[in-house]
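Me: Could you take a close look at a single part of this protein for me? I'd enjoy one connected walk through what surrounds it.

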Amino acid sequence: MLNNFKEFKMPRYEQVRWHIQTLLTESKWDENTPLPTEQEFADKYEVSVGTVRKAVEKLVEDGVLIKQQGKGTFLRRPDFASSLLRFFKFRDKEASYVTPTGVIKKITVIDGIEDINKKLNISKNKALIYIERLRMAEDRVLLSEKIWLPKSRFQAFATLNPEDFENLLYPFYYTKCGQFVSSAVETLYFITDHSDDYLGNTKQENLVKVCRIAKNLEGDPIEYRESYGLAEKFSYEINII
């Protein structure tokens, strides 16, 4: 099965790594289902177990797979729940940290926006799915989010209503449209002269803007998101050991 790679002089473990990653991408692999064993992969690709092990270890290093002792190797879903919450923390009346709930306020199909389409690496005339989402805690808006998705990848969303969405978006992307978010790049800014209807701020109040480009297993951008929060709610903490 690896003969088509001979002309590229690619190391065998890299060939196996590529095949495994392609399998994960094309098969809509469930992250709760273990991958075949290293021996099964070795038999499938007619290579040694050591070659497969090296390929799997590389995918683990890349954050694509995770090994669970006694259970096997699984597709790894990054924990994006803690991403923005490391910047915005909300305490309830008992001074305990609260995890916000996601609420979809708007979803619609829009014409392409040149700057957004460029971030998503699609031609400027391609249609987009546009979503407005809030992160709520105790009936208060913690974050206001604007999300753009390529309509070609998220066609099923074109007929959905806000109430059809689940609390967590990335698992819903996968189950509804087969789009698996594997990684993301975030950039944070402090901005002024911007008001958000959901946050109810004035242009005199500082906001924090977090821009995220989320990518699939192949490294293609499939979501661009802008999250806005009040700067007074912003905090940053890091442990230096």
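**A close look at helix α2**

Reply: Happy to! Before the helix, a stop at M136: setting aside neighbours within four places in sequence, M136 is in contact with P100, T101, V103 and V141. This residue M136 sits in strand β6, which covers residues 128–137. Its partner T101 is 35 residues away along the chain, yet the C-alpha atoms of M136 and T101 are separated by 5.0 Å. Please keep in mind that this is a predicted model.

Now to helix α2, which spans residues 38–45. Its buried residues are E38, F41, A42 and Y45. Viewed down the axis of α2, these buried residues fall within an arc of 105°, so they line one face of the helix. The general background is that an α-helix has 3.6 residues a turn, so residues three or four places apart point the same way. Among the elements covering the buried residues of α2 are α1 (12–26), α3 (49–61) and β1 (65–68). Just after α2 comes E46, with a positive phi of about 55°.

For the wider setting, the protein chain has 5 helices and 10 strands. Of its 241 residues, 42% count as buried. If we take contacts between residues at least 6 apart in sequence, 57% join residues at least 24 apart. The accessible surface of the protein chain is about 13,700 Å², and 47% of that belongs to carbon and sulfur atoms.

Notes. Residues are numbered from 1 along each chain as its sequence is written. This is a predicted model: local features need pLDDT of at least 70, side-chain atom pairs count only at pLDDT 80 or more; totals for chains, interfaces and linings use all residues. Side-chain values use heavy atoms; hydrogens and water are left out. Helices (H or I, at least four residues) and strands (E, at least two) are DSSP runs, numbered from the N terminus. Contact means heavy atoms within 4.5 Å. Buried means under 20% relative accessible area, exposed over 50%, partly exposed in between (1.4 Å probe, protein chains only). The arc is that of the directions from the helix axis to the C-beta atoms. Accessible areas come from the Shrake-Rupley method with a 1.4 Å probe; for residues, only the protein chains shown count as cover.
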